[in-house]
Amino acid sequence: MIDMAKAGATTTTATPDLCTLSQDTILHIGFDDTDSTCGKCTTHLAFKITGYLLKNPDTKFLDYPLLVRLNPNIPMKTRGNGAVCLRVMARNHERIIQDIRQLIEKESAIGMGANPGVAFLNGGLVPEALKEFGRFAMFDILSKQKAEKIAKENCVRHFTFGNGQGLVGSLAAIGSLEDGDHTFEAIAYRKCKNYGTTRQINATRVIQYDKRTFPNTFSNYDQNHRRVLIAPHGPDPVFCGIRGESPEVVVSSLEWLQPEEILEGYMVFRSNQGTNMHLQNELKLSAIRVYMAGYVRGKVITKPQTIQGGHVIFGIKDSGGVTGSAAVYEPTGLTKIASQMEIGDVIEIGCGVRKATCNRSPILNVEYISILKIVQIWDLTNPPCKYCTKKMKSEGKNKGFQCDRCRYKDGNAKKIPVLRDRDVLTGLYVPTPKSHRHLTKPLHRYGMEKKSLGFNPRSKLIARWFFTSS
Ligand code: ATP
């Protein structure tokens, strides 16, 4: 249950006009890698840190907390490779920096697999180098050393724990989502005593708001598999998350859900979820590295083969003439269309590069297929009888054909080419909702991409973007 009246009363944050702001009161706070498979959750820690910042009347949020999903293929991720950035205007930076450093140290799963990093950038403008670092973190694999160098060159204060790999995500989060496509998610958190218990979510209410708000909310319910998609299943603090195109629609949908469980609260994030941001760069097969993400354009060069488990494998040659293998996994729901492709079809695939195994070179794991051009296939078939039109039978190699209805025989007849009905349409094919990754762009979002500035300190956050019961 969420006490919305209280939410409105306690959390309105009217953002001051930028003209009245001094740029050096702006602080960008990035953090990552606070959780592990043993527990905790980086977005939940973001919720707590936001609660701490909002208690200070001198602190104003200049943007919604950012939930930035980074390259989903990297091996060191816990789940969805999410990092967080908070952009605030505040007076006492030093106190905030020390308090947040302590909160991260205290509330992270350090020693149980978490390797937190937290970074603080002072000033209104995010340097190009950080933006570029953020862009690369979407599709490539970056080292902690590189992150340290960028932090040093750009005067980013930072603290790390464990092996400190979290610094990569912290910097990337600060450098991300200033502009371009984005979505929102209202994430509701459970009270600690309820962790590990079954989440009671009313599927009928989910279906209702899904229908009412479409296309402005998404990934709520999978009609084909009759599955609610908004709630995780593990023992983590997240009760549910509702994704959509505006902060208003995700909060009103959460209100509509009327969860019976008493919740700790909720918070609206601005995010790159549902944007395909990891698939924006073209991969050249001559230059791919393991764990990279992107898209490849080329031609199908081997007939797709279905292997054990129902997965489909095929060969592809890119525009540089370099060949590679691509795999379409059965749960994506893309195997039917993949198996209908023919040698010569021109396609684009969104994909991640999977590590090579001892007997296979790197494989491209397919995330979407766009069929750009379909080749014509001519099949050779027996000629028709010129008297009764029935298809004739072969008399043997180079011995001609005979009609077995009227007995007409033609010693010179040859097989004739017939154009195959391909039964395949050009266009985009995306995975079934239940196998969507956080970053997967749902089909209906194509054409809905936002181009406006994501980070605009002049606009106001909605009143009910944050609520805590404590
Ligand atoms: P959750 O989604 O549950 O918050 P997670 O999947 O985000 O967890 P983390 O525990 O945050 O996983 O671990 C991801 C680690 O990978 C972090 O240390 C982060 O800095 C690092 N990382 C993220 N993107 C890249 C990248 N492109 N190259 C190298 N390291 C990266």
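Colleague: In which helix is Glu107 found?

Modeller: The model discussed here is a predicted one. In it, the helix that spans residues 93–107 includes Glu107. The element asked for is helix α3.

Colleague: Is Glu107 buried or exposed?

Modeller: A residue counts as buried when its relative accessible area is under 20%. Glu107 has a relative accessible area of 16%. Because this value falls under the cut-off, Glu107 is classed as buried.

Colleague: Which side chain makes a polar contact with the side chain of Glu107?

Modeller: Setting aside residues up to four places away in sequence, Glu107 touches Lys40, Leu45 and Lys48. The polar contact has a distance of 2.9 Å. The partner in that polar contact is the side chain of Lys48.

Colleague: How many helices and strands are there in the protein?

Modeller: The C-alpha trace of the protein spans about 100 × 50 × 45 Å along its principal axes. Within the protein, the count of secondary-structure elements is nine helices and 25 strands.

Colleague: What percentage of the residues in the protein is buried?

Modeller: The accessible surface of the protein comes to about 21,800 Å², and carbon and sulfur atoms hold 52% of that surface. The protein has 470 residues, and the buried part of them is 53%.

Colleague: How far apart do the centres of the positive and negative side chains lie?

Modeller: The two sets consist of 64 positive and 44 negative side chains. The distance between the centres of these sets is 7 Å.

Colleague: Which residues come nearest to the ligand?

Modeller: The ligand is surrounded by 23 residues. Of these, the ones that come nearest are Asp33, Asp35, Thr78, Arg79 and Asn81.

Colleague: What percentage of the surface of the ligand does the protein bury?

Modeller: Several polar atoms of the protein can be located beside the ligand: an N or O atom in the side chain of Asp32 is 2.7 Å from a ligand oxygen atom. A ligand nitrogen atom is 2.8 Å from a polar backbone atom of Asp140, and a ligand nitrogen atom is 2.8 Å from a polar backbone atom of Leu142. Taken alone, the ligand exposes 650 Å², and the part of this that the protein buries is 98%.

Colleague: Which helix gives the most residues to the shell around the ligand?

Modeller: The helix in question covers residues 166–174 and gives three residues to the shell. Nine of its nine residues are buried, so the helix is largely enclosed by the rest of the structure. Among these buried residues are Gly166, Ser170 and Ile174. The helix is α6.

Colleague: Which side chain makes a polar contact with the side chain of Glu178?

Modeller: Glu178 has its place in the loop between α6 and β7. With a relative accessible area of 13%, Glu178 is buried. The polar contact of its side chain has a distance of 3.3 Å, and the partner is the side chain of Lys131.

Colleague: Is Leu66 buried or exposed?

Modeller: Leu66 lies in strand β3, which comprises residues 66–69. Residues up to four places away in sequence aside, Leu66 touches residues including Ala83, Ala173 and Phe269. Its relative accessibility is 0%. Because of this value, Leu66 counts as buried.

Colleague: What distance separates the C-alpha atoms of Leu66 and Asn281?

Modeller: Along the chain, Leu66 and Asn281 are 215 residues apart. In space, the separation of their C-alpha atoms is 22 Å.

Conventions. Residues numbered from 1 in each chain as written. Predicted model: local features only at pLDDT ≥ 70, side-chain atom pairs only at ≥ 80, totals over all residues. Heavy atoms only, no water. Helix = DSSP H or I, 4+ residues; strand = E, 2+ residues; numbered from the N terminus. Buried < 20%, exposed > 50% of the residue type's maximum accessible area, 1.4 Å probe, protein only. Polar contact = N/O pair within 3.5 Å; in protein donor to acceptor, adjacent residues only side chain to side chain. Contact = heavy atoms within 4.5 Å. Areas by Shrake-Rupley, 256 points an atom, 1.4 Å probe, with all protein chains shown as cover. Lys, Arg positive; Asp, Glu negative; His and termini not counted. Charge placed at Lys NZ, Arg CZ, Asp CG, Glu CD. Near = heavy atom within 4 Å.
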